[in-house]
Every structure is written in C-alpha cells, then in structure tokens.
Amino acid sequence: GQSLGQYQIRVLLGRGGMSSVYLGFQPSMERTVAIKVLPREFMHDKTFLTRFQQEARTIAKLEHLHILPVYDVGSQDGIPFIVMRYLQGGTLADLIARGLLDVKEAARLITQIADALDFAHSAGVIHRDMKPSNVMINHNGELILVDFGIAKSFQVGSKGTMIGTEGYSPPEQYKGEASPVADIYAMGATLHHMLTRRDPRLEPPFSFSERM
C-alpha cells in the first residue's frame, strides 16, 4: 500500500542481511517489478548513495540474456532502492533441492552462468557472491544471474571490504582481495553443489582461521 517513487509496493518477497525485496508495480509501464530496498542506516555514509547509484548504473548497462535487467535506481526519504525485472521461476537453489541434475543438464546450465560472468568481467564488473540462491530461473527454464547489488568495478589486486558467502568464496576474498577469479571459484563451487547436492557452506574446503 506504500510507494517508492513511481512504484507501488505490493508485498514483501524476501529479506536478507543486506536488503529486502518487494513485489512492486509500475503504473506508467503497466508492469510488475521487483524492488530491492537497502536499510536506512546505509545512508549514514555520505559517499554511499553516490557509490550506490554509480554501481547500479554500471550494472544496468550489463545487457545480457543471462543477467537480470535493472530498470531503475533511486532513493526516497533516505531509502535507496533498485528496480529490477520480476521473475517467478524460483532459484537454482530450489532446483537443486528437488533432486540431482544429470551431467548434461548441469553442463548446459553452468554454461549460461559462465557466459553471464564472462560478459560482466569484460565490462569490468565482478559479482563477488555467486551462489545458487543468486541465480534465478525464467519462464523458459534458463538461468538468470541476479544480485549484482554488491558488485564492484574491479582492479586486479585491489583490496576492500570482504563480501561473499562461506563455502563459495575463495580464500583471498576473505582478506579483502577481489578479482574475476573469485567468481570462477564460486561458479565451480556452484557446479559441485549442482552435481552432488552437497552444500559447500556445510562442507567448506577451508576454515575461517585458514583463510585469515
């Protein structure tokens, strides 16, 4: 019953540690959208909104068949938000939970993820949190890489705040280092999960102490 800019908020779809996602409607285009809303406390950093908008615009330029389109970015009453295409097909994590994927199907699907990451890397963007729950399925059964909200334009060897998921992130990422290799590592962990149904978060190859 509330609005963010021109978007009407319909219902909460999900909530994570970094954001909440709502089902929304854009009257001007007569389309249903997904709206990712970040916490107000992020606005305490005076440079955050500028970085947030710059990164969102960069992500919006990643026009690829297997990357979720970003329609808009903005803020209202101190609340930053990103507007994206709404997909109803669930996630790769849901697909894995339903049973083992055969090798041929897993290869077909992981190729779609690889194409999306290769395209993003060529544009100077890394994802840094590639995992099955950040891969959605469209109405054609194809994979769509989502949640580039924490993506960052990269320079190989640069250091910053550690972002990622235990079991899917390589050791160097826990030291604040980020490069395209981190996404490739995460893609390998995702493929392992697809073929074995063994969640890397429950059986990580490294402990936190070893990583630090």
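**Close-up views of a predicted model**

The count of salt bridges comes to 4 in this structure, which is a predicted model. The views below take up three of these pairs, and then turn to the sheet and to helix α4.

**View 1. The salt bridge between Asp147 and Lys36.** The closest N and O atoms of Asp147 and Lys36 are 2.2 Å apart. Because Asp147 belongs to the loop between β9 (143–145) and β10 (152–153) while Lys36 belongs to strand β4, the pair ties together parts that are 111 residues apart in sequence. Asp147 is partly exposed, with a relative accessible area of 21%, whereas Lys36, at 8% relative accessibility, counts as buried.

**View 2. A salt bridge within helix α3, formed by Arg108 and Glu105****.** Here the closest N and O atoms are 2.8 Å apart, and the two residues, 3 residues apart in the helix, are separated by about one helical turn. An α-helix has 3.6 residues a turn, so residues three or four places apart point the same way. Both partners count as partly exposed, Arg108 at 36% relative accessibility and Glu105 at 27%.

**View 3. The salt bridge between Asp199 and Arg201.** In this pair the closest N and O atoms lie 2.7 Å apart. Asp199 counts as buried, with a relative accessibility of 14%, while Arg201 counts as partly exposed, with 42%.

**View 4. An open sheet of 6 strands with antiparallel pairing****.** The strands follow the order β1-β2-β3-β4-β6-β5, and the edge strands, each of which pairs on one side only, are β1 (3–4) and β5 (70–76). Within this sheet, strand β3 (residues 20–26) runs antiparallel to strand β4 (residues 31–37), and 7 bridges join the two; Gly24, for example, has Val33 in β4 as its bridge partner. Strand β4 is also the element that holds Lys36, the partner of Asp147 in View 1.

**View 5. Helix α4 (residues 180–196) and its packing****.** At 1.5 Å a residue, the 17 residues of this helix should span 24 Å, and the end C-alpha atoms are 25 Å apart, which agrees with that expectation. The buried residues of α4 are Pro180, Ala182, Asp183, Ala186, Met187, Ala189, Thr190, His193 and Met194, and these buried residues pack against α2 (92–97), α3 (103–122) and β7 (125–126). The helix α3 contacted here is the one that contains the Arg108 and Glu105 pair of View 2. Just after α4, Arg197 takes a positive phi of about 60°.

Key. Residues numbered from 1 in each chain as written. Predicted model: local features only at pLDDT ≥ 70, side-chain atom pairs only at ≥ 80, totals over all residues. Heavy atoms only, no water. Pairing = 2+ DSSP bridges. Helix = DSSP H or I, 4+ residues; strand = E, 2+ residues; numbered from the N terminus. Expected span 1.5 Å × (residues − 1). Buried < 20%, exposed > 50% of the residue type's maximum accessible area, 1.4 Å probe, protein only. Contact = heavy atoms within 4.5 Å. Salt bridge = Lys/Arg side-chain N within 4 Å of Asp/Glu carboxyl O.
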